[in-house]
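Biologist: Please take a close look at the part of this model that surrounds the ligand. I should also like the account to continue from there into the sheets and the loops.

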Amino acid sequence: MKLKQQGINTLCTHAGEITDTQFKGAVSPIFPSSSYAYEDVPVKRYPRYFNTPNQEALGKKVAALEHCEAGMILSSGMAAISTAMLAFLNRGDHVVVQQTIYGGAFNFMQEEFPKYGIEFDFTDGFSEQDFTSKIKENTKIIYIETPSNPLMKITDLEMIVRIAKDYNLVSMIDNTFASPVNQTPADFGIDIILHSATKYMGGHSDICAGAVAASEKHIKRIWNTGKNLGGSLSDYTVWLLERSMKTMALRVKKQNKNALKMAKWLEKHPLVEKVYYPGLKSHPNHKLAKKQMRGYTGIVSFELKKESDASRFMKSLQLIKQSLSLAGVESTMLAPAQTSHFLLGEEERKKQGIADNLIRFSLGIENFKDLKTDVEEVFEKL
Ligand SMILES: *Cc1c(COP(=O)(O)O)cnc(C)c1O
């Protein structure tokens, strides 16, 4: 059976797996060697070359899930993002970046690009004009993230690919929030797909990793920069990530369901000012999300009514943890204004629409009624 014909759960479970020919065990063996023979071998393997057996195998799983020719595993989402960008940039080049992106990616560009004479501009919004008006003679990359953190804004993938073709740019997407379960941007023609595997791919809040998927040609280029920067992942963690990814589609589909139910319930609640979730008909990009996504992710952002205190609300929850990261099997919440988007400053937050009592809710796989009860009990006391 060709990989292309296989369903998502089959790909999650089997794509790229290593057959245990020696003992015929059910799962991929782990090969932790950091030293391999170099003579009379088809591939010279070394951990930092991203080509130990486990790294190579998991790269294949990511490629299959993202409908790309090739994939690569890195030590973190930021290693994936920084390596991929630097692979395509030279001194004097320019990048057009979507207005709201992950804070770490924002900091990377802000703090590191000037050292290498690389320029970048953020768009003022999400329309075609917002992107094209920032393109210059020396623009090389168009960089997006959809759905975006924390307001779950949706960027039109078809539009981005059209712009990239018209202006001869490399298109890059941070696909972390969607995961390949909900969105496969390569189907629309996006060139480079980036992931923080720390989130949905890992899914259990116990792994830090990154991934890239693209054409063979593009991966070769990223590999070349990657081996110089050295952001490879330990084979032990690669193996654990492979194990985690077997259940990714099961987890994410349940998280999608929990999130949609929660978003609908919160939207009707009198203590809630606003809900940001692309699966809601009230979301301004609902139609676009429906067109380019298979599910709307497990993340719901919502604003409490002005007079309520977001941190007091979160501290009173029993089941749902207040936690920095997201996408684990356990439900978590955070206030972006105090954490992920604190460094932006009050003015920039206001410009982007991130209110002080905005809460980003990452739905886990728990039973929905228990999550609802947890939130409801605190609402009653507010
Ligand atoms: C967490 C995250 C990253 C960074 O990933 P790390 O694994 O922490 O380096 C990048 N993009 C998004 C959208 C994220 O949520």
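Modeller: In this predicted model, an oxygen atom of the ligand is placed 2.8 Å from a polar backbone atom of Met-78. Of the ligand itself, the protein covers 92% of the 380 Å² of accessible area that the ligand has on its own. Two side chains also take part in polar contacts. Asp-174 has an N or O atom of its side chain 2.6 Å from a nitrogen atom of the ligand, and Ser-196 brings a polar side-chain atom to 2.9 Å from an oxygen atom of the ligand. Met-78, Asp-174 and Ser-196 are among the residues that come nearest to the ligand, together with Thr-198 and Lys-199, out of 13 residues around it. By character, the residues of this shell comprise 5 nonpolar, 5 polar and 3 charged. Helix H3, residues 77-87, supplies the largest share of the shell, with 3 residues.

The ligand contacts can now be set against the sheets. Strand E5 spans residues 170-174, and Asp-174 is the residue whose side chain meets a nitrogen atom of the ligand. Strand E6 covers residues 192-196, and Ser-196 is the residue with the polar side-chain atom 2.9 Å from a ligand oxygen. Strands E5 and E6 both belong to an open sheet of 7 strands, ordered E1-E7-E6-E5-E4-E2-E3 with mixed pairing. At the edges of this sheet stand strand E1 (70-74) and strand E3 (119-122), each of which pairs on one side only. From one strand to the next, the twist averages 20 degrees. Within the sheet, strand E6 pairs with strand E7 (residues 210-214) in the antiparallel sense over 4 bridges. Leu-194 has Val-212 in E7 as its bridge partner.

Strand E5 is also covered by a helix: H6 (residues 157-167) lies across strand E4 (139-145) and strand E5, and runs at about 175 degrees to E4. The loop between E4 and H6 holds Pro-147 and also Pro-150. The peptide bond from Thr-146 to Pro-147 is cis, with omega near -5 degrees. The bond from Asn-149 to Pro-150 is likewise cis, and its omega is near 5 degrees.

Another loop deserves mention for its backbone. Phe-50 lies in the loop between helix H1 (8-14) and helix H2 (53-65). Although Phe-50 is not a glycine, its phi is positive, at about 60 degrees.

There is a further open sheet, formed by 5 strands in the order E8-E9-E12-E11-E10, and its pairing is mixed. Strand E8 (272-276) and strand E10 (321-322) are the edge strands, each with a single partner strand, so one side of each is left without a neighbour in the sheet. The pairing of E8 with strand E9 (residues 299-304) is antiparallel and extends over 4 bridges. In this pair, Val-272 stands opposite Leu-304 of E9. Helix H10 (residues 248-268) packs on the sheet and touches E8, E9 and strand E12 (358-362). The direction of H10 makes about 15 degrees with that of E9.

To return to the ligand, its polar contacts draw on a backbone atom of Met-78 and on the side chains of Asp-174 and Ser-196.

Technical notes. Residues numbered from 1 in each chain as written. Predicted model: local features only at pLDDT ≥ 70, side-chain atom pairs only at ≥ 80, totals over all residues. Heavy atoms only, no water. Near = heavy atom within 4 Å. Polar contact = N/O pair within 3.5 Å; in protein donor to acceptor, adjacent residues only side chain to side chain. Areas by Shrake-Rupley, 256 points an atom, 1.4 Å probe, with all protein chains shown as cover. Helix = DSSP H or I, 4+ residues; strand = E, 2+ residues; numbered from the N terminus. Nonpolar A, V, L, I, M, F, W, Y, C, P; charged D, E, K, R; others polar. Pairing = 2+ DSSP bridges. Contact = heavy atoms within 4.5 Å. Axes fitted to C-alpha atoms, helices over the stretch in contact; angles between N-to-C directions.
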